[in-house]
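Visitor: I would like to know how the labels on this model are earned. Please take me through them.

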Amino acid sequence: MKAVQEEVFGPALFLLDFESEEEVVRRANDTIYGLAAGIFTRDLQRAHRVIGSLQAGVCWINNFNILPPELPFGGYKQSGVGRENGTAALDWYSQVKTVYVEMGDVDSPF
């Protein structure tokens, strides 16, 4: 189904039946996008197991589209570049450099 392989922005809900978790993960990951995913279930262990296998940048369990500003937001694959919000956004615009300065006497190791 083409609609579930594209990023649809707007009010849309696609419900698909499935036989196994493996089938769900395979179908969910069979796209060039990976912005977000949501799972509704009473089985939290199952939800975490499935979410752990999904190629999506933001995942919700028993909720959807909750985006506190302190949490990083961004996708996998061709769903955006980098992360917005939180300290992860600062990392995108930064490059780490380590500089160690010895201020005391140094015994030559040679």
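Visitor: How many aromatic pairs does the count come to?

Guide: The count comes to 1 aromatic pair. This is a predicted model, where local features need pLDDT of at least 70, side-chain atom pairs count only at pLDDT 80 or more, and totals for chains, interfaces and linings use all residues. Residues are numbered from 1 along each chain as its sequence is written, and side-chain values use heavy atoms, with hydrogens and water left out.

Visitor: What makes Trp-60 and Phe-64 an aromatic pair, and why is it called tilted?

Guide: Rings of Phe, Tyr and Trp (its six-membered ring) pair if their centres lie within 6.5 Å. Planes under 30 degrees apart count as stacked, over 60 as edge-to-face and the rest as tilted. Here the centres are 4.6 Å apart and the planes differ by 55°. So Trp-60 and Phe-64 are a pair, and a tilted one.

Visitor: Is Trp-60 buried or exposed? And what about Phe-64?

Guide: Buried means under 20% relative accessible area, exposed over 50%, and partly exposed in between (1.4 Å probe, protein chains only). Trp-60 has 8%, so it is buried. Phe-64 has 44%, so it is partly exposed.

Visitor: How do you know that Arg-46 forms a salt bridge with Glu-21?

Guide: A salt bridge needs a side-chain nitrogen of Lys or Arg within 4 Å of a carboxyl oxygen of Asp or Glu. For Arg-46 and Glu-21, the closest N and O atoms are 2.8 Å apart. The pair therefore meets the rule. Arg-46 sits in helix H2 and Glu-21 in helix H1, 25 residues apart. Helices are DSSP runs (H or I, at least four residues), numbered from the N terminus.

Visitor: What other partner makes a salt bridge with Glu-21?

Guide: Arg-49 does, at 2.7 Å from N to O. Arg-49 lies in helix H2 and Glu-21 in helix H1, so this pair ties together parts that are 28 residues apart in sequence. Glu-21, Arg-46 and Arg-49 are linked in a network of salt bridges.

Visitor: Why is Glu-21 called buried?

Guide: Glu-21 has a relative accessible area of 15%, so it earns the label. Arg-46, at 31%, is partly exposed. Arg-49, at 45%, is partly exposed.

Visitor: What makes Glu-6 and Lys-2 a salt bridge?

Guide: Their closest N and O atoms are 3.7 Å apart. That distance fits the rule, so the pair counts. Lys-2 is exposed at 61%, whereas Glu-6 is partly exposed at 41%. The whole structure has 4 salt bridges.

Technical notes. Helix = DSSP H or I, 4+ residues; strand = E, 2+ residues; numbered from the N terminus.
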